[in-house]
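Me: I would like to go through this structure slowly and ask, for each label, what stands behind it. Could you set the values against the cut-offs as we go?

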Amino acid sequence: DVEEDPSARTRMKEVFARQAHIAIRRGLPLVVHSRDAEEDTLEVLRRIVPRTHPIHLHSFMGSIATMQEFLQRYPSGCVGI
């Protein structure tokens, strides 16, 4: 849990980044379930994922502003609630 172990946050971002690289290399859509980590998620996506790559934010519970930023950056993305 990120709350109990601060290094877990860094580790989770590293693992997510590797998963994103795999999806891009294989041409697979990236399905993301991010709970209480919207800014970390967007940071990894901005850094790694091309704007044209298909991304589905699954069970999204973040802010409208975050959703709008995501959809502006990734026009082929979608958001599920």
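**Helix packing and the loops around it**

Reply: Let us begin with two helices of this predicted model: α1 and α2 pack with their axes 10 Å apart and at an angle of about 40 degrees.

Me: What makes α1 oblique to α2?

Reply: An angle under 35 degrees would count as roughly parallel, and roughly perpendicular begins at 65. The angle here is about 40 degrees, which falls in neither range, and therefore α1 is called oblique to α2. As for the sense of the crossing, α1 passes α2 in a right-handed way.

Me: Which residues of α1 and α2 meet?

Reply: From α1 come Arg9, Lys13, Phe16, Ala17, Ala20, His21 and Ile24, and they meet Asp40, Thr41, Glu43, Val44, Leu45, Arg47 and Ile48 of α2. Sorted by class, this contact of α1 with α2 comprises seven nonpolar, two polar and five charged residues.

Me: Why is α2 called roughly parallel to α3?

Reply: The two helices, α2 and α3, pack at an angle of about 10 degrees, with their axes 11 Å apart. Since angles under 35 degrees count as roughly parallel, α2 is therefore described as roughly parallel to α3. On the α2 side the contact is made by Glu38, Leu42, Leu45 and Arg46, and on the α3 side by Thr66, Glu69, Phe70 and Arg73. By class, the contact of α2 with α3 has three nonpolar, one polar and four charged residues.

Me: Which residues of α2 are buried, and what covers them?

Reply: Helix α2, residues 38–48, has Glu38, Asp40, Thr41, Leu42, Val44, Leu45 and Ile48 as its buried residues. Their cover includes the helices α1 and α3 (64–73), together with the strands β1 (30–32) and β2 (55–57).

Me: How do you know that Ser34 is buried?

Reply: Buried means a relative accessible area under 20%, and Ser34 has 14%, so the label buried applies. Ser34 is placed in the loop between β1 and α2.

Me: What makes the pairing of Ser34 with Thr41 a polar contact?

Reply: The cut-off for such a pair of N or O atoms is 3.5 Å, with one atom able to donate a hydrogen and the other to accept it. The side chains of Ser34 and Thr41 are joined at 2.7 Å, and this is counted as a polar contact. In addition, a polar atom of the Ser34 side chain lies 3.4 Å from the backbone oxygen of Ala37.

Me: Why does Asp36 count as exposed, and what is its phi?

Reply: The limit for exposed is over 50%, and Asp36, at 71% relative accessibility, therefore counts as exposed. Asp36 too is placed in the loop between β1 and α2. Its phi is near 60 degrees, which is a positive value in a residue other than glycine. Such a value deserves a remark because most residues other than glycine have a negative phi.

Me: Why is Ser59 called partly exposed?

Reply: Partly exposed covers the range between the 20% and 50% limits, and Ser59 has 26% relative accessibility, so the label partly exposed fits. Ser59 is found in the loop between β2 and α3, and, although not a glycine, Ser59 has a positive phi of about 50 degrees.

Me: How do you know that Asp5 and Ser7 are partly exposed?

Reply: Asp5 has a relative accessible area of 35%, and so is partly exposed; Ser7, at 46%, likewise counts as partly exposed. Asp5 lies in the segment before α1 (6–26), whereas Ser7 is found in helix α1. The side chains of Asp5 and Ser7 make a polar contact at 2.7 Å.

Me: What makes Ser76 partly exposed, and which residues does Ser76 touch?

Reply: With a relative accessible area of 41%, Ser76 falls between the limits and is therefore partly exposed. Ser76 is placed in the loop between α3 and β3 (78–79). Not counting residues up to four places away in sequence, Ser76 touches Arg51, Thr52, His53, Pro54 and Ile55. The Ser76 side chain reaches the backbone oxygen of Thr52 at 3.4 Å. The C-alpha atoms of Ser76 and His56 are separated by 9.0 Å, the two residues being 20 residues apart along the chain.

Note on methods
Residues numbered from 1 in each chain as written. Predicted model: local features only at pLDDT ≥ 70, side-chain atom pairs only at ≥ 80, totals over all residues. Heavy atoms only, no water. Helix = DSSP H or I, 4+ residues; strand = E, 2+ residues; numbered from the N terminus. Buried < 20%, exposed > 50% of the residue type's maximum accessible area, 1.4 Å probe, protein only. Contact = heavy atoms within 4.5 Å. Axes fitted to C-alpha atoms, helices over the stretch in contact; angles between N-to-C directions. Parallel < 35°, antiparallel > 145°, perpendicular 65-115°, else oblique. Left-handed = near helix turned anticlockwise from the far one by under 90°. Nonpolar A, V, L, I, M, F, W, Y, C, P; charged D, E, K, R; others polar.
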